[in-house]
Amino acid sequence: MVCSNDNNEHACTSWRWITNVSEKAWKPTSEQLNLMIEMDAPAEIQRIKALKSELDAKRATVGRMMLRAAASKALQMPASEIKLERTKGRKPFIDDAEAAHRGLNA
């Protein structure tokens, strides 16, 4: 994780995380991947499970986990309380009044 404000991690204006979910870099079992997928909202679970490629499913799952982690840091609340939704255009957003007030965008 790279923070654009090194003085205070919670005051970051943006974070950049680099991940590698290639088959050589990350080899979760089907059970482990399904467990991570099942942590999301029902609509996202359905969307991810409909993906044809396991690599795409891994990317989508890790992306959602990273969104949740960033929102958790920015809002200083547990990741389990972060509710991610999608706009009509399918863009993810944080469904939280505090996030909207602070201008957070996923």
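Buried here means under 20% relative accessible area, exposed over 50%, and partly exposed in between. Keep those cut-offs handy for the tour, and remember that you're looking at a predicted model.

**Stop 1: the whole chain**

Show everything as a cartoon first. You should find four helices and four strands, running β-β-α-α-α-β-β-α from the N terminus on. Colour by relative accessibility next: of the 106 residues, 28% count as buried. The protein exposes about 7500 Å², and carbon and sulfur atoms supply 51% of that. If you like contact maps, take those contacts with a separation of 6 or more: residues 24 or more positions apart account for 37% of them.

**Stop 2: helix H2**

Select residues 42-49, which is helix H2. Which residues of H2 are buried? Glu 44, Ile 45 and Ile 48. Now look straight down the axis of H2: its buried residues fall within an arc of 105°, so they line one face of the helix. Swing round to the other side of H2 and you meet Pro 42, Ala 43 and Gln 46, which are exposed. What covers the buried residues of H2? Turn on H1, H3 and E3, which are included in that cover.

**Stop 3: Glu 44 and its partners**

Stay on H2 and pick Glu 44. Its relative accessible area is 5%, and under 20% counts as buried, so Glu 44 is buried. Side chains of opposite charge can pair when their charged atoms come close. Add Arg 47 as sticks: its side chain and that of Glu 44 meet in a salt bridge, 2.9 Å from N to O. Both residues lie in helix H2, three residues apart, about one turn of the helix. Is Arg 47 buried or partly exposed? With a relative accessible area of 27%, Arg 47 is partly exposed.

Now add Arg 64. Arg 64 forms another salt bridge with Glu 44, with the closest N and O atoms 3.8 Å apart. Arg 64 lies in helix H3 (residues 54-75) and Glu 44 in helix H2, so this pair ties together parts that are 20 residues apart in sequence.

**Stop 4: Arg 64**

Centre the view on Arg 64. At 3% relative accessibility, Arg 64 counts as buried. What does Arg 64 touch, not counting residues up to four places away in sequence? Select Asp 40, Glu 44, Leu 84, Arg 86 and Pro 92.

**Stop 5: Asp 40**

From Arg 64, hop to Asp 40, in the loop between helix H1 (30-37) and helix H2 (42-49). Asp 40 counts as buried, at 12% relative accessibility. Draw a distance to Arg 64: the two side chains make a polar contact at 3.0 Å. Leaving aside neighbours within four places in sequence, Asp 40 is in contact with Ile 45, Arg 64 and Arg 68.

**Stop 6: a salt bridge elsewhere**

The structure holds nine salt bridges, so there's more to click through than the pairs around Glu 44. Try Asp 95 and Lys 83, whose side chains meet in a salt bridge at 3.8 Å, N to O. This pair links distant parts of the chain, 12 residues apart: Asp 95 is in the loop between strand E4 (92-94) and helix H4 (97-101), and Lys 83 is in the loop between H3 and strand E3 (84-86). Asp 95 is partly exposed, with a relative accessible area of 38%, and Lys 83 counts as partly exposed at 45%.

Then go back and select Asp 40, Glu 44, Arg 47, Arg 64, Arg 68 and Arg 86 together. Salt bridges that share partners join these residues into one network.

**Stop 7: the nonpolar cores**

Hide the charged side chains and select Leu 33, Met 36, Ile 37, Ile 45, Ile 48, Ala 57 and Ala 60. These seven residues make up the largest nonpolar core. H1, H2 and H3 each supply at least two of its residues, and H1 gives the most, with three. Zoom in on Ala 60: not counting residues up to four places away in sequence, Ala 60 touches Arg 47, Ile 48 and Leu 51.

For the last selection, try Ala 71, Leu 75, Met 77 and Leu 84. They are among the six residues of a second, separate core.

Conventions: Residues numbered from 1 in each chain as written. Predicted model: local features only at pLDDT ≥ 70, side-chain atom pairs only at ≥ 80, totals over all residues. Heavy atoms only, no water. Buried < 20%, exposed > 50% of the residue type's maximum accessible area, 1.4 Å probe, protein only. Polar contact = N/O pair within 3.5 Å; in protein donor to acceptor, adjacent residues only side chain to side chain. Contact = heavy atoms within 4.5 Å. Salt bridge = Lys/Arg side-chain N within 4 Å of Asp/Glu carboxyl O. Core = buried A, V, L, I, M, F, W, Y, C linked by side-chain atoms within 4.5 Å. Areas by Shrake-Rupley, 256 points an atom, 1.4 Å probe, with all protein chains shown as cover. Arc of directions from axis to C-beta.
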